[in-house]
Amino acid sequence: MKRKTMVLALTMILVLASSTFAAAANYIGAGLGIVGQAADGYEPAGPYIGTLALDFDIVDKLSISANGYLEVAKVEDEGEGVGVSALLDGYEFNYMVGAYLKYELFNLNGLGIGPVVGANYNSNFAPKGEVIEAAAPLPEGLKFGAGVYAIQPLGDTGSIYGQVMYWLPLGGEPDTTAALEMPAFVQNIGGLGGINFKLTEKVSVKGQIEYVNQHTLFSIGAGYTF
């Protein structure tokens, strides 16, 4: 219930702010997020994850973006550390990062549409857990993807964007020997969407929802616009 309330509050903040502030340009920032879909056997150390985000226009119609997530997860405490190491016993740091190259192929009355290619690296971030067997999780490591993106300016107030990706793990299709055997094609689909806007001349806010590795991730952050 607390998780749903938090997601609703973040959504309302973003919608209200998008009608008030000026649009964001190139952006680099950090923030907080939550894992919206947690599996049995997955126990984060806290309710939040750290997030990073980057948007940069390379040349006209060509841009790059990147984002990352960091979490602290509970693990079995072996009790062998001393000093700072002892404080970290029982916890591990997991992360996931993604980078995307986008090209605006069409512009339909301000709506930009085009192809996107990307890479994603997952280091045990938001694992499915040992109990869930409805679908085999995508393996850790490097994946490559391609898809379609769209971005719509909201006048001078901001922009809203989204993309759909098909991810292929390095080395081929993952094994889908699960109880209900979800098709590999469905497992490999991901996507993200969000909104960004300026608070001041140099400070911007960005909110995003991403679906990847069969998890839904919500994040909101602030950063520097240049």
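How much space lies in the largest pocket? In this predicted model, the volume of the largest pocket comes to about 660 Å³. Its lining is made up of 34 residues, and those that lie nearest the centre of the pocket are Asp 57, Ser 63, Lys 102, Ile 151 and Ser 159. Several strands contribute to this lining, with at least two residues supplied by each of S2 (49–59), S3 (62–74), S4 (91–103), S7 (141–153), S8 (159–169), S9 (189–198) and S10 (203–212). Strand S3 gives the most, with six residues. When the lining of the largest pocket is divided by class, 15 residues are nonpolar, 13 are polar and six are charged.

Ser 63, one of the residues nearest the centre of the pocket, is found in strand S3. Its relative accessibility is 13%, and Ser 63 therefore counts as buried, the cut-off being under 20%. Apart from its neighbours within four places in sequence, Ser 63 is in contact with Phe 56, Asp 57 and Ile 58, and also with Tyr 100, Leu 101 and Lys 102. Of these partners, Asp 57 and Lys 102 are likewise among the residues that lie nearest the centre of the largest pocket.

The setting for these features is a protein with three helices and 11 strands, whose elements run α-β-β-β-α-β-β-β-β-β-α-β-β-β from the N terminus on. Of the 226 residues in the protein, 38% are buried. Among contacts between residues at least 6 apart in sequence, 61% join residues that are at least 24 apart. The area exposed by the protein is about 12,300 Å², of which carbon and sulfur atoms supply 66%.

In soluble globular proteins, nonpolar side chains tend to be buried together. In the present model, the largest nonpolar core has 15 residues, and those with the most contacts inside it are Tyr 69, Met 96, Tyr 100, Phe 125 and Leu 217. Two or more residues of this core are given by each of S4 and S8, and S8 gives the most, with three residues. The surroundings of Met 96 illustrate the contacts of one core residue: with neighbours within four places in sequence left aside, Met 96 is in contact with Asn 67, Gly 68 and Tyr 69, with Asn 120, Tyr 121, Asn 122 and Phe 125, and with Val 212 and Leu 217.

Asn 213 lies in the loop between S10 and strand S11 (215–225). With a relative accessible area of 7%, Asn 213 is buried, because the cut-off for that class is under 20%. Although Asn 213 and Phe 125 are 88 residues apart along the chain, their C-alpha atoms are separated by 9.3 Å.

Enclosed space was examined as well, and the count comes to three cavities of 30 Å³ or more. About 120 Å³ of space lies in the largest cavity, which is lined by 15 residues, with Thr 51, Leu 52, Ala 53, Lys 206 and Ser 219 nearest its centre. Strands S1 (27–35), S2, S3, S10 and S11 each supply at least two residues of this lining, and the largest share, four residues, comes from S1. By class, the lining of the largest cavity has six nonpolar residues, eight polar residues and one charged residue.

Technical notes. Residues are numbered from 1 along each chain as its sequence is written. This is a predicted model: local features need pLDDT of at least 70, side-chain atom pairs count only at pLDDT 80 or more; totals for chains, interfaces and linings use all residues. Side-chain values use heavy atoms; hydrogens and water are left out. On a 1 Å grid over the protein atoms alone, a cavity is a set of points where a 1.4 Å probe fits but cannot get out, and a pocket is an open set with protein on both sides within 12 Å along at least five of seven lines; lining residues have an atom within 4 Å of a point. Grid points are joined across faces, edges and corners, and a volume is the space filled by probe spheres set on the points. Ala, Val, Leu, Ile, Met, Phe, Trp, Tyr, Cys and Pro count as nonpolar, Asp, Glu, Lys and Arg as charged, and the others, Gly among them, as polar. A nonpolar core is a set of buried Ala, Val, Leu, Ile, Met, Phe, Trp, Tyr and Cys residues joined through side-chain atoms within 4.5 Å. Buried means under 20% relative accessible area, exposed over 50%, partly exposed in between (1.4 Å probe, protein chains only). Contact means heavy atoms within 4.5 Å. Accessible areas come from the Shrake-Rupley method with a 1.4 Å probe; for residues, only the protein chains shown count as cover.
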